[in-house]
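Let's read a structure together, one feature at a time. Bring your questions as they come up.

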2 protein chains.
Amino acid sequence: MRVLVCEDDELIASGIVAGLTAQGLTVEHVATASAARAMVGVAEFDVMVLDLGLPDEDGLKLLKQLRQQGLETPVLILTARDSVTDRVDGLQAGADDYLLKPFDLRELAARLHTLLRRVAGRSVNLIEHGRLTYDPSSRETTLDGQPVDLSRREQSLLQALLHSRGRVLSSEQLKDSVYGFNDELESNALNVHIHHLRRKLGNGIVETVRGLGYRLGPADGAESSK
Amino acid sequence: MRVLVCEDDELIASGIVAGLTAQGLTVEHVATASAARAMVGVAEFDVMVLDLGLPDEDGLKLLKQLRQQGLETPVLILTARDSVTDRVDGLQAGADDYLLKPFDLRELAARLHTLLRRVAGRSVNLIEHGRLTYDPSSRETTLDGQPVDLSRREQSLLQALLHSRGRVLSSEQLKDSVYGFNDELESNALNVHIHHLRRKLGNGIVETVRGLGYRLGPADGAESSK
DNA sequence: CTGGCGATTAACCGTCGATTAACCCGGCGA
DNA sequence: TCGCCGGGTTAATCGACGGTTAATCGCCAG
């Protein structure tokens with residue numbers, strides 16, 4: 001799951017990023033409204049955390065604008081202000097939840113999970129693909145009904161592949177969904193994780209498309225029948 | 001984009017129709033399974049929204065039947081039920097996505113857009129030639145509906161041939177489109193690739209015109225009867 | 001019958017992905 | 001606090017595949 005955090009206070013931001021990352025989420029962080037706008041333009045996020053007190057523009061104004069442009073991602077706003085009108089304004093601007101500063105990190109995590117579940121939980125909560133199932137909300141994977149223990153990176157990899165059934169994903173795209181945009185990676189770490197995934201889930205799961213990238217294998221667990 | 005909504009509850013249906021129309025979609029609404037069947041028979045839709053609780057027939061049964069008849073339109077099902085077996089049943093019946101009632105209208109719109117995107121990305125530039133299809137965007141080739149793996153060179157060769165239907169292409173022209181203009185090639189590598197193409201796609205696909213070059217065979221997979 | 005062109009096949013080579021091992025770091029328990 | 005443990009990354013090496021070359025075959029035409 002990808003989260004966009006828009007917060008200018010470096011200290012708070014790093015706390016949020018660390019906390020959410022530990023929860024297995026992939027987090028992007030920006031510090032200004034314009035950066036957030038740019039980010040939303042180029043990538044899809046599952047949920048957004050927005051601080052109202054941004055240096056360059058009022059967060060509410062930004063939110064309203066994004067909603068007008070058709071952004072449907074759930075948004076949780078952070079604010080130091082506390083008045084009834086502020087809350088109402090926030091919700092009217094299109095926020096889905098709000099949190100007052102200072103806040104407890106665990107509280108934030110819990111609320112985000114609620115939002116994510118609201119999105120995921122109302123629809124197919126369980127992704128099935130052949131012998132595999134993956135439940136994004138509980139982050140549980142099973143193979144032939146047996147639970148499989150996947151590490152954080154392996155999970156995001158699998159999730160990215162499941163999310164775009166059958167399409168080939170370049171290693172660039174995979175890198176973006178497993179790591180953020182920021183982190184540059186100049187090694188074959190992805191290969192290694194894919195290798196681990198295959199070791200745990202069997203060879204039919206991930207197919208290599210030479211020169212292009214990887215994709216999910218066919219749903220009927222048939223091994224390569226070349 | 002055309003959407004078929006099959007939903008018997010008048011209130012819900014009008015909400016959906018209004019919401020989707022506002023998104024710029026063209027919406028047709030029917031209230032019964034038989035009406036849906038009739039509609040599908042006479043018009044093409046890009047995506048279908050199907051309520052499982054229809055008055056005259058079980059939605060799942062309808063869906064299964066439509067799939068058996070070869071309907072490939074993506075289908076999102078709506079249901080009040082919520083259990084793992086129901087979800088699995090829905091997906092196995094051929095649904096592409098799943099939403100529980102009550103649902104958020106924005107959520108529905110977002111999911112439909114995802115489905116539409118999936119379809120649009122898939123078939124936009126599909127080139128057909130007899131038993132062959134080639135999709136330049138996903139670089140997928142199928143023969144009689146079966147996917148065929150082609151290597152990079154084989155693909156560009158096939159693409160060049162498909163691109164100038166029937167015209168004879170000299171080996172110079174083929175060389176230019178497979179390699180750049182720059183690269184000089186001193187061997188019969190092209191011949192070898194053509195050989196490989198024929199091995200994978202059958203002999204009728206590429207015809208040799210002695211002394212001139214090659215061209216695509218006739219669309220009706222008939223072998224050259226000379 | 002023979003020359004030549006294209007087909008076929010096999011061998012070689014380079015590149016890319018797979019695999020494995022080592023190292024690094026953070027968390028946790030002793 | 002120290003040291004172990006597990007996951008993540010880096011790096012080195014292996015191996016398979018695709019691409020090219022080249023040798024040989026077979027067919028058609030002159």
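What follows is a dialogue between a learner and a teacher about this predicted model.

Q: Where should I start with the fold: how many helices and strands does chain A have?
A: Counting the secondary structure elements is a good first step. Chain A contains eight helices and eleven strands. Of its 226 residues, 46% are buried. Look also at contacts along the sequence: among those in chain A with a separation of 6 or more, 56% link residues 24 or more positions apart.

Q: How do I read strand pairing, and in which direction do strand 7 and strand 8 of chain A run?
A: Begin with a general idea: in a regular strand, side chains alternate between the two faces of the sheet. Now to the case here. Strand 7 (residues 132-135) and strand 8 (residues 140-143) of chain A run antiparallel, joined by four bridges. To fix the register, take Thr133(A), whose bridge partner in strand 8 is Thr142(A).

Q: Which strand does strand 8 of chain A meet through three bridges?
A: That is strand 9 (residues 146-148) of chain A, again with an antiparallel run. Leu143(A) has Gln146(A) as its bridge partner in strand 9. Strands 8 and 9 of chain A form a hairpin with two residues between them, and Asp144(A) in the turn has a positive phi of about 55°.

Q: Let's move to the DNA. Which residues are closest to DNA strand D?
A: A useful habit is to list the neighbors, then ask which part of the nucleic acid they meet. DNA strand D is surrounded by 22 residues, and the closest are Ser151(A), Arg153(A), Ser187(A), Ser151(B) and Ser187(B). Of the atoms of this strand that come within 4 Å of the protein, sugar and phosphate account for 66%. By class, the surface near DNA strand D has eight nonpolar, eight polar and six charged residues.

Q: Which helices supply at least two residues each of that surface near DNA strand D?
A: Helix 6 (152-163) and helix 8 (189-201) of chain A do, together with helix 6 (152-163) and helix 8 (189-201) of chain B.

Q: What do individual side chains of chain B reach on DNA strand D?
A: Separate backbone contacts from base contacts. On the phosphate side, a polar side-chain atom of Ser151(B) lies 2.6 Å from a phosphate oxygen, and a side-chain N or O atom of Arg153(B) is 2.6 Å from a phosphate oxygen too. On the base side, Asn188(B) places a side-chain N or O atom 3.2 Å from a base nitrogen of DNA strand D.

Q: Which residues come nearest to DNA strand C?
A: Apply the same routine. Of the 18 residues around DNA strand C, the nearest are His195(A), Arg198(A), Thr208(A), Tyr214(A) and Tyr214(B). Sugar or phosphate provides 68% of the strand's atoms within 4 Å of the protein, and bases the rest. The surface near DNA strand C has four nonpolar, ten polar and four charged residues, and helix 8 of chain A and helix 8 of chain B each supply at least two residues of it.

Q: Which atoms of DNA strand C do Thr208(A), His195(B) and Asn188(B) approach?
A: Thr208(A) has a side-chain N or O atom 2.7 Å from a phosphate oxygen, and for His195(B) the distance to a phosphate oxygen is 2.8 Å. A polar side-chain atom of Asn188(B) lies 3.2 Å from a base oxygen of DNA strand C.

Q: How many disulfides does the structure hold?
A: Zero, over all chains. While you look at cysteines, note that Cys6(A) is buried, at 0% relative accessible area, and that Cys6(B) is buried with a value of 0%.

Technical notes. Residues numbered from 1 in each chain as written. Chains lettered and ligands numbered in written order. Predicted model: local features only at pLDDT ≥ 70, side-chain atom pairs only at ≥ 80, totals over all residues. Heavy atoms only, no water. Near = heavy atom within 4 Å. Polar contact = N/O pair within 3.5 Å; in protein donor to acceptor, adjacent residues only side chain to side chain. Nonpolar A, V, L, I, M, F, W, Y, C, P; charged D, E, K, R; others polar. Disulfide = S-S within 2.5 Å. Buried < 20%, exposed > 50% of the residue type's maximum accessible area, 1.4 Å probe, protein only. Pairing = 2+ DSSP bridges. Contact = heavy atoms within 4.5 Å.
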